[in-house]
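Please take a moment to look over the structure shown here, with attention to the spaces enclosed by its atoms and those open to the outside. The paragraphs below go through some of these spaces in turn.

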Amino acid sequence: MEYPDPSHGPRLLVSPGKVAIGTGAVERAGEYAFLYGRRALVVATEQIFEIHGDRLLSVLDDAGVEVVTYTSVQPDPTVENIEAAHERWESEGCDVIVTLGGGSSIDAGKGVGILATNDGELRDFGVDRAGYEGVPNPTPPLIAVNTTTGTGSEATRSVVVTDEANATKFLIVSQNVVPDVAIEDPELVRSLPRSHTAFTGIDALTHAIEAFVSVKAYSVSDDFARNAIRRIADSFAKSWANGDDLEARSEMLVAQLQAGQAFTNSSVALVHGMARPLGAQLHLPHGLANAILLPYVMEFSAMAAPEKYAEIARIFEIAGEETPDRVAADLASEAVLDLCADVSLTSYLDEFGEIPTREGYLEVVPKMAQDALDSGSPENNPRKPTKAEIEALFTVVYDDALDPEGPRRS
């Protein structure tokens, strides 16, 4: 049983083996790569590699590590991306994986590792086919050099992969894919544009909130989640407004790491279940899809865990200790909406998504709702949704936040 009830036995605490945090942490990448191997496959998107690739290659070269690169990772990596990177791994005889980037690069690196040490096609390891902990063999050493402040992928046992053949995303979950080293250097996120700062920051908040309210939450994951929410409440808007504020950037790096530690030791829930099909259908980055859905799912769910949602509202200082939990709980989604407005969240939809007409959208709502249920994530939600309720949520989200012809709610 992957997530046992604490009253029935011990819990498994999952976290990267080592974490290097602070300005200059990237310089440790060579040291750790040399510890694990001599020939590294560096996995990155082309854009991130153009910005930070030379520095990382220099660090690896100085440490005596030979480098092979794969820099064609797409945002929300595809099966084809991972298979092509794995071909490079095999043909070049690599022995350690170094990812450069955020969730897309890290997930691609994890996927390479799965194929390197396990038989079968990548799709075989999805939770819908193999279940949780469905990757039998440990992957090769993986060093995740993080360049975003949202995904927390360097701390998790999750891999999100896009299957372009049927316009869906699937999830792989296994402790065998957790990176050996996470590197968090605020200098590497200084250049993160406002758009990506916005939806990766809300992505981190989504991870923390979902982990906190999940039916699989427990004391340790709750502590990670609380700390992440506090840091995001204090530093997210600052980091968006001024990317050169290294203190705010550092706080967000720690926050998203803690959010990753929270949800990988608890679970994600309804937001993620809905975000995967929404992102796949509308070609939205994963973080932006999460961010669009979060306030609406919070409104829907608050009645089922009022004490947790009330605590979130108090962390954001939108409710006081004297406010009854049920009243405070209903305010939590307003705090998130205010934060979304602060960072102009919905203004990025036209650039980073393909929003259909309402008629076209409604045609795929039943399939998206079924895909959400099939993911299993809604089962972790404090309020268990029916398919009809998920369809209604998808419809409200379109009318209120996505419709290009209507007034978008930030």
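What volume does the second largest cavity have? In this model, which is predicted, the second largest cavity has a volume of about 40 Å³, and it belongs to a count of 3 cavities of 30 Å³ or more. If you wish to find its walls in the structure, look for Ile209, Glu210, Val213, Val271, Leu294, Val297, Met298, Tyr309 and Asn381, which line the second largest cavity. Two helices, H6 (194-213) and H10 (286-301), each contribute at least two residues to this lining. Sorted by class, the residues lining the second largest cavity comprise 7 that are nonpolar, 1 that is polar and 1 that is charged.

We can now turn from the cavity to a pocket. The second largest pocket holds about 270 Å³ of space, and of the 16 residues that line this pocket, those closest to its centre are Arg123, Asp128, Lys169, Phe170 and Asp371. Several elements take part in the lining of the second largest pocket, since at least two residues each are supplied by helix H5 (127-130), strand E7 (168-173), helix H9 (270-282) and helix H14 (358-375). Which of the elements gives the most to this lining? It is H9, with 5 residues. When the lining of the second largest pocket is divided by class, there are 6 nonpolar, 4 polar and 6 charged residues, while for the lining of the second largest cavity the division is 7 nonpolar, 1 polar and 1 charged.

Terms used: Residues numbered from 1 in each chain as written. Predicted model: local features only at pLDDT ≥ 70, side-chain atom pairs only at ≥ 80, totals over all residues. Heavy atoms only, no water. 1 Å grid on protein atoms, 1.4 Å probe; cavity = no way out; pocket = protein on both sides within 12 Å on 5 of 7 lines; lining within 4 Å. Points joined across faces, edges and corners; volume = space filled by probe spheres on them. Helix = DSSP H or I, 4+ residues; strand = E, 2+ residues; numbered from the N terminus. Nonpolar A, V, L, I, M, F, W, Y, C, P; charged D, E, K, R; others polar.
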